[in-house]
Amino acid sequence: KQWYQRRVAITAGIESRYCNGALGAMKVILKALGDRPHIYVLDLKQSQAEMITKYISRQEALAAEAERIAREKRIAEEKELEVEYLSEDEYDALEEEAKAEYDAKVMKVQREKLKREREAEVERQRIAAEKVEQDRLR
């Protein structure tokens, strides 16, 4: 069926003097509707303050989860980039293929370190420029 062919029932409330509460009224409604694949119930008896509080707490929970995932990802990347520095004798004892892998890993670590340092410097410059701009506007 198309979306416009589906039957929809909307009620403004389920309070009734014939039922001893919302649960009883809901049971009667569900029995009347029968086996439906999709039945949705919305509770609109929330104040605006409650809705805002729930929204803020949901956003904070999502932000905390995203931060946790980013932290775990960063830790995993740092572990991947950890290099055990070898002495010259240990390095010379490696096979050519292992030397190439080791050299690539060391280079990757050095590139990442330089990248982080550059990003930190750019951030420091941006903060300094913002501070100068704020002082100028005062």
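Trainee: In this predicted model, does R136 count as buried or exposed?
Mentor: The relative accessible area of R136 is 57%. Because exposed means over 50% relative accessible area, the class that applies to R136 is exposed.

Trainee: Which residue meets R136 in a salt bridge, and in which helix do the two lie?
Mentor: The side chain of R136 comes to 2.4 Å, N to O, from that of E133, which is partly exposed with a relative accessible area of 35%. The two stand 3 residues apart, so about one helical turn separates them. The partner is therefore E133, and the helix is α4.

Trainee: Which residues are joined into one network by salt bridges that share partners?
Mentor: One of the pairs to consider is E65 and R68, whose side chains meet at 2.4 Å, N to O, and which lie 3 residues apart in helix α2. Both are partly exposed, because their relative accessibilities, 35% for E65 and 31% for R68, fall between the limits of 20% and 50%. With shared partners taken into account, the network consists of E65, R68 and E72.

Trainee: What is the relative accessibility of K99, which lies in helix α4?
Mentor: K99 meets E96 in a salt bridge of 3.8 Å, N to O, and E96 counts as exposed at 61% relative accessibility. Leaving aside neighbours within four places in sequence, K99 is also in contact with Y91, D92 and L94. K99 itself counts as buried, because buried means under 20%, and its value is 14%.

Trainee: Where in the chain does E84 lie, and which surface patch does E84 help to form?
Mentor: E84 sits in the loop between α2 (48-81) and α3 (88-93), and at 69% relative accessibility it counts as exposed. Together with E88, D89, E90 and D92, it forms a surface patch whose charge is negative.

Trainee: How much area does the nonpolar surface patch that includes I39 cover?
Mentor: I39 lies in the loop between α1 (22-33) and α2, and it is partly exposed, with a relative accessible area of 34%. L30 and V41 make the patch together with I39, and its area is about 240 Å².

Trainee: What percentage of the residues of the whole protein count as buried?
Mentor: The secondary structure comes to 4 helices and 0 strands, and the accessible surface comes to about 13,400 Å², of which 55% belongs to carbon and sulfur atoms. Among contacts between residues at least 6 apart in sequence, 25% join residues at least 24 apart. Of the 138 residues, the share that counts as buried is 5%.

Technical notes:
Residues are numbered from 1 along each chain as its sequence is written. This is a predicted model: local features need pLDDT of at least 70, side-chain atom pairs count only at pLDDT 80 or more; totals for chains, interfaces and linings use all residues. Side-chain values use heavy atoms; hydrogens and water are left out. Patches are made of residues with over 30% relative accessible area and no salt bridge: like charges are joined within 9 Å, nonpolar side chains (Val, Leu, Ile, Met, Phe, Trp, Tyr) within 5 Å. Accessible areas come from the Shrake-Rupley method with a 1.4 Å probe; for residues, only the protein chains shown count as cover. A salt bridge is a side-chain nitrogen of Lys or Arg within 4 Å of a carboxyl oxygen of Asp or Glu. Lys and Arg count as positive and Asp and Glu as negative; His and the chain ends are not counted. The place of a charge is taken as NZ of Lys, CZ of Arg, CG of Asp or CD of Glu. Buried means under 20% relative accessible area, exposed over 50%, partly exposed in between (1.4 Å probe, protein chains only). Contact means heavy atoms within 4.5 Å.
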